[in-house]
Protein chains: 2
Amino acid sequence: MLFVRNVAKLKKIIKQKKNQNVTIGFVPTMGYLHEGHLSLIRIARKKCQFLAVSIFVNPIQFGPKEDFKKYPRNLKKDLRMLKDEGVDLVFYPSVKDMYPADYKTSVYVKELSKILCGASRPHHFQGVTTIVLKLLNVVQPDIMAFGKKDFQQAIIIKKMVEDLHLDVKITMGKIIREKDGLALSSRNIYLSKTQRKNAVVLHESLKWAKQAFKKGLRNPKETIKRMKMTIKEKNGRIDYVEAVDPCTLQPVKKLQKGTLIALAAFFGKTRLIDNTIL
Amino acid sequence: MLFVRNVAKLKKIIKQKKNQNVTIGFVPTMGYLHEGHLSLIRIARKKCQFLAVSIFVNPIQFGPKEDFKKYPRNLKKDLRMLKDEGVDLVFYPSVKDMYPADYKTSVYVKELSKILCGASRPHHFQGVTTIVLKLLNVVQPDIMAFGKKDFQQAIIIKKMVEDLHLDVKITMGKIIREKDGLALSSRNIYLSKTQRKNAVVLHESLKWAKQAFKKGLRNPKETIKRMKMTIKEKNGRIDYVEAVDPCTLQPVKKLQKGTLIALAAFFGKTRLIDNTIL
């Protein structure tokens with residue numbers, strides 16, 4: 001497994017692979033890998049000949065009061081896991097190389113970036129699209145995998161790829177959960193024992209919404225109200241619970257098959273997200 | 001000479017060229033070509049095996065009160081000129097194909113985009129960087145040529161290319177002028193006979209600044225004041241006259257070799273730009 005820190009060196013390797021007509025797969029991550037990341041790596045592994053994974057905690061997608069500094073990192077463990085998955089190359093750039101002092105360029109996908117998670121994290125998705133475009137230009141993959149837990153992120157990146165005429169194909173991997181249903185996230189490590197137990201309510205409220213929909217509940221307001229109540233009962237502080245169209249991310253007036261129910265809530269200082277498709 | 005309107009078709013052609021290791025040159029234009037464009041085409045022609053030119057009047061780089069609708073167009077004449085120059089491919093996309101109804105993505109180079117021309121045309125450079133990135137992703141050129149008349153534009157695009165790790169090399173062609181010194185521009189056609197005569201003052205004021213610098217004038221304020229006076233005497237309405245660092249575009253405190261003197265002024269409703277390097 002190649003370990004590359006430098007953009008120019010990576011470009012050289014990629015150029016060789018391209019010249020040999022090797023198909024390239026790519027999974028961008030912020031490290032501190034869990035089964036969610038590994039599931040994406042396994043999907044991508046099957047679809048390409050050369051698989052690159054990046055580990056980069058991207059400062060510009062964190063707000064000034066968010067957890068950039070304390071975001072969990074464990075490079076050694078990550079590398080062991082990636083090697084075990086048969087990854088061919090790990091790209092681990094420095095913040096200084098990605099954003100030198102005179103760095104000035106950003107990419108923005110309007111409308112989609114300011115709703116849901118974007119409403120409470122105003123510069124988050126601009127940070128995500130900017131780093132993903134930079135990485136895409138270096139790695140030049142044929143396929144790239146994103147997880148459905150960050151559903152909005154995947155939709156925004158798909159839109160950017162389409163609008164900018166990029167060639168990469170985007171695959172979405174399903175949400176991987178703990179046994180009790182909590183969606184895997186590197187941030188779960190922040191949770192206290194009680195918070196960890198309470199956080200299961202996120203998935204439970206989504207399961208309830210799905211059940212209720214099956215039994216005939218079509219009113220998004222009613223569904224959202226009930227979900228919020230349930231989450232608050234477990235000391236979750238709601239950021240948002242919304243029922244939206246899975247492509248435009250705009251609120252729906254009536255629930256239907258395919259509607260995305262997405263939510264974010266704080267347990268203590270830890271903000272968790274989850275979602276389901278009806 | 002190939003004439004292509006469709007992105008997918010162009011991508012297919014480019015892919016073939018790439019597979020054959022053919023070097024690709026690119027000159028993006030808004031059409032209504034003049035010797036300024038042709039000089040760039042000749043520079044690019046010498047540096048590549050396959051030369052593509054785009055003609056696209058890019059709506060998003062015009063302000064709501066600017067001249068998008070009346071911007072001069074003459075496709076037939078343009079195509080004749082491009083054929084004569086040995087251009088291999090002309091890309092002439094529709095506005096609808098470049099910006100479909102659900103288009104959402106933009107690229108912005110901060111600081112550099114809000115000064116000089118950006119101060120009076122606030123969304124202009126965002127429009128320029130967005131279309132250039134889109135075109136770069138489709139044409140994938142090895143080299144691309146821009147004119148020094150739009151000096152700020154070239155600097156901003158260079159910054160975007162660097163920040164986004166794009167591989168294209170940017171060449172800058174010198175300003176091409178009429179016999180009396182007026183910089184060539186598709187917009188010169190808007191000028192009345194009197195305005196056309198008066199507009200020569202732009203180049204004359206720049207020539208004066210250069211002469212004065214040679215004779216020892218180092219004070220930018222004094223230089224700018226004198227230039228503004230001269231332009232106003234010929235009924236030019238000043239947008240800006242500035243002496244700046246040619247890389248950062250920030251005002252200099254003392255003129256020196258390499259300083260960029262850049263200006264924009266209106267003659268009637270027509271906004272003209274020009275510049276020189278000391």
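**Exercises on the contact between chains A and B**

In this predicted model, the contact takes 21 residues from chain B and 21 residues from chain A.

**Exercise 1.** Work out which elements of chain B give two or more residues to the side that touches chain A, and how the residues of that side divide by character.

*Solution.* Begin with the elements: strand E5 (105-109), helix H6 (124-139) and helix H7 (151-163) of chain B each give two or more residues to the side that touches chain A. Next, look at the shares, where E5(B) supplies the largest, with five residues. Finally, sort the residues of this side of chain B by character, which yields eleven nonpolar, six charged and four polar residues.

**Exercise 2.** Determine in which sense strand E5 of chain A pairs with E5(B), and over how many bridges.

*Solution.* Take strand E5 of chain A, which covers residues 105-109, and set it beside E5(B): the two pair in the antiparallel sense, over five bridges. Then follow one position across the pair, where Thr105(B) in E5(B) has Val109(A) standing opposite.

**Exercise 3.** Find how chain B must be rotated to superpose on chain A, and what relation between the two copies follows.

*Solution.* First, apply a rotation of 180° with 0.0 Å of shift along its axis, which superposes chain B on chain A with an RMSD of 0.0 Å. The two copies are therefore related as by a two-fold rotation axis. Now locate the axis with respect to chain B, where the C-alpha nearest to the axis belongs to Val107(B) and lies 2.3 Å from it. As a last step, compare the contact residues: 100% of those of chain B recur in chain A, and the same surface serves both copies.

Methods: Residues numbered from 1 in each chain as written. Chains lettered and ligands numbered in written order. Predicted model: local features only at pLDDT ≥ 70, side-chain atom pairs only at ≥ 80, totals over all residues. Contact = placed C-beta atoms within 7 Å. Helix = DSSP H or I, 4+ residues; strand = E, 2+ residues; numbered from the N terminus. Nonpolar A, V, L, I, M, F, W, Y, C, P; charged D, E, K, R; others polar. Pairing = 2+ DSSP bridges. Least-squares fit on C-alpha atoms with pLDDT ≥ 70 in both.
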